[in-house]
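Dear colleague,

Please find the structure below, with the sequence alongside. My notes on one part of the fold follow.

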Amino acid sequence: MNLKQITHQVAEVAIEVGSFIRAERQSFSHEKVKFKKSRSDLVSYVDKEAEQRILDKIDLFIPHAGYITEEQMIDQEEKEYTWIIDPLDGTTNFVHGIPNYCVSIGLMHQSEIIAGVVYEVANDECFYAWKGGGAYNGNEKISVSKALKIEDVVLATGFPHYSFEKLDQYLKILNRLMKETRGLRRMGSAAADMAYVACGRYGGFFEHNLNVYDIAAGVVLVKEAGGAVTDFKGATDYLFGRELVAGGGAQRRLLNVIMNFW
């Protein structure tokens, strides 16, 4: 399997689908929005059509691959090779005209993410990586921040929006990090947050209640850019464990703060 070639093909698909999303945003109406788990968990025809367009193309790249997708426009099944797709990560941003939403496509071999593409639609930035090949933004190779102290970096996170069982612990973590970092950002797209960690804009990212399709592509981006990814316990149950800490040089310091309160 030529992972480099497949990754570039997937990047082309992501850019093409991103162009569709960008065009639909021009005439999008709030009347076309539906709700999933809560009033803050949105979906529209754009998500579904974007996913179908991705499926129509990447189904040709690896015969008999499995799929895990947010909108479930195809039977969900893990196989030796499994595509993990979020066709529009940051739907709430998209609906409200906030320019931070992505196409995210990851490829998993057994339990390891081996390739990923995150296309940030509004900024027209395509981040991609494959195992052993490094991470890129367009034609430029990228790397995580080398800063070791959380005092020297900006961090990204996400807020719970439908499950609040651990809200108190989360707020304690935020309280500590607000005082000890250069700032916290909550942009509303985990895929974009991971891509920004990979290219060094953020020193780290953490979030609870994530889905695998939110972060699959970002995992390989961060790792191939020289960063580290763990769950909140410092272990490896981040793909399906619904919690993740990713970062460059400051990842360990960030993880220590989280573990103190979690």
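Contact here means heavy atoms within 4.5 Å. The model is predicted, and the notes concern an open sheet and two helices that pack on it.

The sheet has five strands with mixed pairing, in the order β11-β10-β12-β14-β13. Its edges are β11 (183-185) and β13 (228-230), each of which pairs on one side only. From one strand to the next, the twist averages 20°.

Within this sheet, strand β12 (residues 204-208) and strand β14 (residues 243-247) run antiparallel and are joined by five bridges. Glycine 204 faces glycine 247 of β14 across this pairing.

Helix α4 lies across β10 (154-157), β11 and β12, and runs at about 160° to β12. Helix α7 also packs on the sheet, where it touches β10, β12, β13 and β14. The direction of α7 makes about 150° with that of β14.

The two helices also meet each other. The axes of α4 (residues 167-180) and α7 (residues 251-261) come within 9 Å and cross at roughly 140°. Angles over 145 degrees would count as roughly antiparallel, so α4 is oblique to α7. Their crossing is right-handed.

On the α4 side, the contact involves Gln169, Lys172, Ile173, Arg176 and Leu177. These meet Leu254, Val257, Ile258, Asn260 and Phe261 in α7. By class, the residues of this contact comprise six nonpolar, two polar and two charged.

With kind regards

Definitions and conventions:
Residues numbered from 1 in each chain as written. Predicted model: local features only at pLDDT ≥ 70, side-chain atom pairs only at ≥ 80, totals over all residues. Heavy atoms only, no water. Axes fitted to C-alpha atoms, helices over the stretch in contact; angles between N-to-C directions. Helix = DSSP H or I, 4+ residues; strand = E, 2+ residues; numbered from the N terminus. Parallel < 35°, antiparallel > 145°, perpendicular 65-115°, else oblique. Left-handed = near helix turned anticlockwise from the far one by under 90°. Nonpolar A, V, L, I, M, F, W, Y, C, P; charged D, E, K, R; others polar. Pairing = 2+ DSSP bridges.
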